[in-house]
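Here are some short exercises to work through with the structure open beside you. Try each task before you read its solution.

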Amino acid sequence: MSLKIEKVGVIGAGVMGATIAAHCANVGLATVLLDIVPPQMPDALAQKGVSEDSSTFRNFFATSGLEGALKSKPASFYVPDNAELISVGNLEDDLEMLADCDWIVEVVVELLDIKKDLLSRLEKVVKPEAVVTTNTSGISVAAMSEHLSHDFQTRFLGTHFFNPPRYMKLFEIIPGPQTDPQLIADMADFAEKVLGKGVVFAKDTPNFIANRIGVFGMSYLNQLIDEMGLSFEEVDALTGTVLGHPKMASYRLADLVGLDTLGHVATNVYDGCPDDEEREIFSPPAWFRQMIDNNWLGNKTGGGFYKKSKDEKGKKQILVLDRESMEYRPTKKAKFASLEAAKQLSGFKAQMKSLYYGADQAAEFTFRHMSAGLIYAANRIPEIADDIVNIDNAMKWGFNWKAGPFESWDILGVEKAANKMREAGLTIPSWVEEMLAAGHVSFYKSENGQRYYYDLATQDYVAEEVSPNLILLPSLKERNKTVLENKGASLIDLDDGVLCVEFHTKMNSLGADIMTMVDKACNLVEEGQFEGLVFANHGSNFSVGANLMMVLFIAQEEEWDELEWMIKKFQDTLMRVKYLDAPVVAAPHQMALGGGCEVCLHSDRVVAAAESYIGLVEVGVGVIPAGGGCKELLLRNTYERVFTVQKGGLYPKQIYLLPFVARAFESIAMAKVATSGPEAISMGILRPTDKISVNADFRIKKAKDNVIAMKLAGYNAPRPIGKVRVMGAEAMGVFNYAVYNMHKAGYITDHDVTVAKEVARILTGGDVLPDTEVSEQHLLDLERESFLRLCGTPQTQARMAHMLKTGKPLRN
């Protein structure tokens, strides 16, 4: 990457601009955030006697935007301290703050004249090599910059983030007619490696790729829902997880986005695409227009298609809008035979096919809705993108679909679905007909681990480009790189002497099958067949912890010896990982909870995706971390910190352990979860030497590289810790007092007190004297005893059963 970006300017401190600035700060970029001077004094400042000459007034919008980003939920910053990288100002006094910025992105109001005027001002200020981009969601990049110099236009393009910028992977790059091709490649590289985004290349057409396809789907639903007489909650039941889409489906998503935003984007297509064959679909129905007139815009106004309410007894409920009466009513469960049948199948692919080829009203709806979307997407090539890959990736990364339109068509069977469409009188796009006539039966195919896509330009399959920073485990499996496997896990050869342990149970919960594979992985390393291990997978989550259903079943059957053996096996396996004479690197992503966190704690190093949610959450189901989690968090907060100080000459008893132990106690007893990789480091769950991969896709390659680097540097396995100084039983009083106060204040239940005392007992070393030195095994034994004791209580068993049934903790 020849482009060097170290300082960023963001113009516009609304929700989108402020959160883009926050994400730039997250990845270590110094950022300038500017907005206009308020047209009049805000009441909040007037009451404080602030003058109009003060920076407090003149920077009010930018300051408010930054404060909003700091308070936002979900959090815009990985850690709040990142906000210190952002400087605020205003466009009248502080435009010169952009003079040394390497990249300036405008995020001002979506009006062409305002954007053109701003760009004219920027051209006079920014340095000659600076990149300037627009975050417009649909205004023409060419029209925005046509009045500017040729040199400026070569450095100008569209870079469209999706909201919220920290969390949404999609980054649409929209070149202008004069944009330097090398700059396009460099910005794509920067977006992937530094911002952690998934890049698609869009044409300069209204709404680009994701919003063009997505808003067509929403607009078509608005028409189809009336034709078929379906309710909003029925449509959401049919367009969510059964199709591989997010649980909030369609109309709940619309409430989140805002009906005014959806209406604006639809109008953008209607006005800007007079030749679109489905143009009239983008004209909203009367009830949609009435909702906007009534200011029923969704979550932002307290109600849209749905709204929260309380019944006569004060119980929370969700109401849904009835289109005929235009009044809200309680939601009803969707009841369709084909939907219930589909839900019995495993995986969204089977569910999607079952619904699409079903026979009742829900199946007809699914057929019509999906077919319209597939045909529309196919007709947009090459108008909005050059190939199917950019469209599929845009929908997966921008709308969190598990499969894009063309991948979905492949799942249905291209020829079979096309036949059904023809029978219904639908017109298949000509290039798809030509593809099928040539004997190409799918949009994608895979050969020896390489995926190919059908390319319209060549009318043949072309190898899909894969970043050298990306390791795809399914591709390695296709290339016969699987060393061993069972139902729970696979061992995959990553080459260069590195072996990957891949979990693939439901939610990647940890059980006997996985522990067996971890043991076998250690055997292979000890035998000299491999030189290091990586724990990684491509599941929705790294691991949500132990197999709770199995634990509950054994506890209910009172098979205590079997349960103790299972916990001991888990402990022994992770201790073997910790002291393996080879580097072990864990590469967590999304949820790494309970046992998943314990796998990370016992690894030499962690390469965590920035979007990792890591913590020991066992107390939520009435037990304690028993795979060494209590032990490891105690060691990280005492032994690893205090031992360094002792080496400086202090005697052990000169170091007061309570603040360090209390930190571990608080994390475990309150089931604290880090909401980002950097926060996990700040909480002491991960070490400062652990690594963060902003692009989650690159974490496996980085983990492999870390294994190799550690080996080349002369890896020495850690020595077993035989002397861990603990506070002893006398310190229990301190923790009991804290627990007592929380219970008295109503923050915790009686059973929470029981669980918290077990945590404290482990962390203080059990029934020993102050400053006793204990072994790791002693702490593991305490964990196991507490776990078994708690599993025998009806309260813990009730919590486990409730979690398995509802996915939510029970306070009993």
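## Aromatic rings

In this predicted model, Phe-406, Trp-409, Trp-431, Phe-443, Tyr-454 and Tyr-461 come together as one aromatic cluster. Let's start from the rings and work outwards.

**Exercise 1.** Classify the ring pair Phe-232 and Phe-305, and say which parts of the chain it ties together.

*Solution.*
- Step 1: begin with the setting, a count of 29 aromatic pairs.
- Step 2: the ring centres of Phe-232 and Phe-305 are 4.7 Å apart and the planes are at 65°, so this pair is edge-to-face. The cut-off needed here is a plane angle over 60 degrees.
- Step 3: place the two residues. Phe-232 belongs to helix α10 (residues 232-238), while Phe-305 is in the loop between α13 (286-293) and β9 (306-310), so the pair ties together parts 73 residues apart in sequence.
- Step 4: check the exposure; both Phe-232 and Phe-305 are buried.

**Exercise 2.** Do the same for Tyr-356 and Phe-367, then find which charged residue lies over the face of Phe-367.

*Solution.*
- Step 1: with centres 5.3 Å apart and planes at 65°, the rings of Tyr-356 and Phe-367 also make an edge-to-face pair.
- Step 2: Tyr-356 sits in helix α15 (residues 348-356) and Phe-367 in helix α16 (residues 361-379), so the parts tied together are 11 residues apart in sequence.
- Step 3: the relative accessible area of Tyr-356 is 0%, so Tyr-356 is buried. Phe-367, at 9% relative accessibility, counts as buried too.
- Step 4: the charged residue is Lys-420, at 4.8 Å from the ring centre of Phe-367. Elsewhere, Arg-380 lies over the face of Tyr-376, at 4.3 Å from the ring centre.

## Cores and cysteines

**Exercise 3.** How many residues does the largest nonpolar core have, and which have the most contacts inside it?

*Solution.*
- Step 1: the largest core has 115 residues.
- Step 2: the residues with the most contacts inside this core are Leu-122, Tyr-251, Phe-305, Phe-406, Trp-409, Trp-431 and Phe-443.
- Step 3: look around Leu-122. Beyond its neighbours within four places in sequence, Leu-122 is in contact with Ile-11, Leu-95, Leu-98, Ile-104 and Val-132.
- Step 4: a second, separate core has 89 residues, including Cys-522, Phe-570, Val-619 and Ile-668.

**Exercise 4.** Why is there no bond from the sulfur of Cys-597 to the closest cysteine sulfur?

*Solution.*
- Step 1: the closest cysteine sulfur is in Cys-600, 6.2 Å away, which is too far for a bond. The cut-off for a disulfide is 2.5 Å.
- Step 2: the total fits this result, with a count of zero disulfides.
- Step 3: Cys-597 counts as buried because its relative accessibility is 1%.

## A strand and its partners

**Exercise 5.** Describe how strand β16 pairs with β15 and β17.

*Solution.*
- Step 1: β16 (residues 489-493) is mostly covered, with five of its five residues buried. Ala-489, Leu-491 and Asp-493 point one way, and Ser-490 and Ile-492 the other.
- Step 2: β15 (residues 482-485) runs antiparallel to β16, joined by three bridges. Glu-485 stands opposite Ser-490, and the two strands form a hairpin with three residues between them.
- Step 3: β16 and β17 (residues 498-503) are antiparallel over five bridges, with Ala-489 opposite Phe-503.
- Step 4: β16 and β17 form a hairpin with four residues between them, and Asp-495 in the turn has a positive phi of about 75°.

Note on methods: Residues are numbered from 1 along each chain as its sequence is written. This is a predicted model: local features need pLDDT of at least 70, side-chain atom pairs count only at pLDDT 80 or more; totals for chains, interfaces and linings use all residues. Side-chain values use heavy atoms; hydrogens and water are left out. Rings of Phe, Tyr and Trp (its six-membered ring) pair if their centres lie within 6.5 Å; planes under 30 degrees apart count as stacked, over 60 as edge-to-face and the rest as tilted. Buried means under 20% relative accessible area, exposed over 50%, partly exposed in between (1.4 Å probe, protein chains only). A charge sits over a ring if NZ of Lys or CZ of Arg is within 6 Å of the ring centre and within 35 degrees of the ring normal. A nonpolar core is a set of buried Ala, Val, Leu, Ile, Met, Phe, Trp, Tyr and Cys residues joined through side-chain atoms within 4.5 Å. Contact means heavy atoms within 4.5 Å. Two strands pair if DSSP finds at least two bridges between them.
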